[in-house]
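This report takes one helix and one sheet in turn. Read it alongside the coordinates.

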Amino acid sequence: MPESRPILTTERLILRNLCAKDLDELFDYRNDPRSNQYQRGQFRDRDALEKLIARRANDMLDGIHSGQFAVALREDDSLIGEISMAVNADVITLGYTLSYKHHRKGYATEILSALLARLRELNPRCTFIAQIESENRASLALIHKLGFREIARDKQENCITFQK
């Protein structure tokens, strides 16, 4: 049984709150270049990750509040990644990381499609924003597949901003 209640469920995945049992896997993929090469500003040391889990353990998916959520396999509730949302009025900025162990399986498309639909139900006026590093081909393909369109390029930061 999961330590935290599922917030959103898809065919293969669960979106839920981060919990203590996620620490080892979170530490593993946040410290592996296959998962972290395009991530900026993420905590990587164990103490900071423990504090992050404690701080985010009760985040709500309501389209009003910012939050950070675990992406877990439905079959065994094991952590495979995380999604963060920064909410500012009707603008929701999304970030996501999947463990290198679970790349190229369609998991990001599956959970983000469901999440975008749920957030649109909760806040029909919301606009979604995602910033992707220019070299992150997999994430660029994903964001296009999800229907985002490019709105800006920051050559100094080497990232592209998308909106939906």
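The model is predicted. Helix 3 spans residues 46-56, and Ala-48, Leu-49, Leu-52 and Ile-53 are buried there. Viewed down the axis of helix 3, these buried residues fall within an arc of 140°, so they line one face of the helix. The spacing fits a general rule. An α-helix has 3.6 residues a turn, so residues three or four places apart point the same way.

What does the face turned away from the buried side of helix 3 carry? Asp-47, Lys-51 and Ala-54 sit there, and they are exposed. The buried residues of helix 3 have their own partners: they pack against helix 1 (23-30) and strand 3 (67-73).

Now the sheet. It is open, has eight strands and shows mixed pairing. The strand order is 1-2-3-4-5-6-8-7. Strand 1 (6-9) and strand 7 (149-154) stand at the edges. Each has a single partner strand, so one side of each is left without a neighbour in the sheet. From one strand to the next, the twist averages 25°.

At one edge, strand 1 pairs with strand 2 (residues 13-17). The sense is antiparallel, over three bridges. Leu-8 has Leu-15 of strand 2 as its bridge partner.

Helix 4 (residues 107-122) packs on this sheet. It touches strand 1, strand 2 and strand 3, along with the strands tabulated here.

| Strand touched by helix 4 | Residues |
|---|---|
| Strand 4 | residues 79-88 |
| Strand 5 | residues 91-98 |
| Strand 6 | residues 127-133 |

The direction of helix 4 makes about 160° with that of strand 5.

Key. Residues numbered from 1 in each chain as written. Predicted model: local features only at pLDDT ≥ 70, side-chain atom pairs only at ≥ 80, totals over all residues. Heavy atoms only, no water. Buried < 20%, exposed > 50% of the residue type's maximum accessible area, 1.4 Å probe, protein only. Helix = DSSP H or I, 4+ residues; strand = E, 2+ residues; numbered from the N terminus. Arc of directions from axis to C-beta. Contact = heavy atoms within 4.5 Å. Pairing = 2+ DSSP bridges. Axes fitted to C-alpha atoms, helices over the stretch in contact; angles between N-to-C directions.
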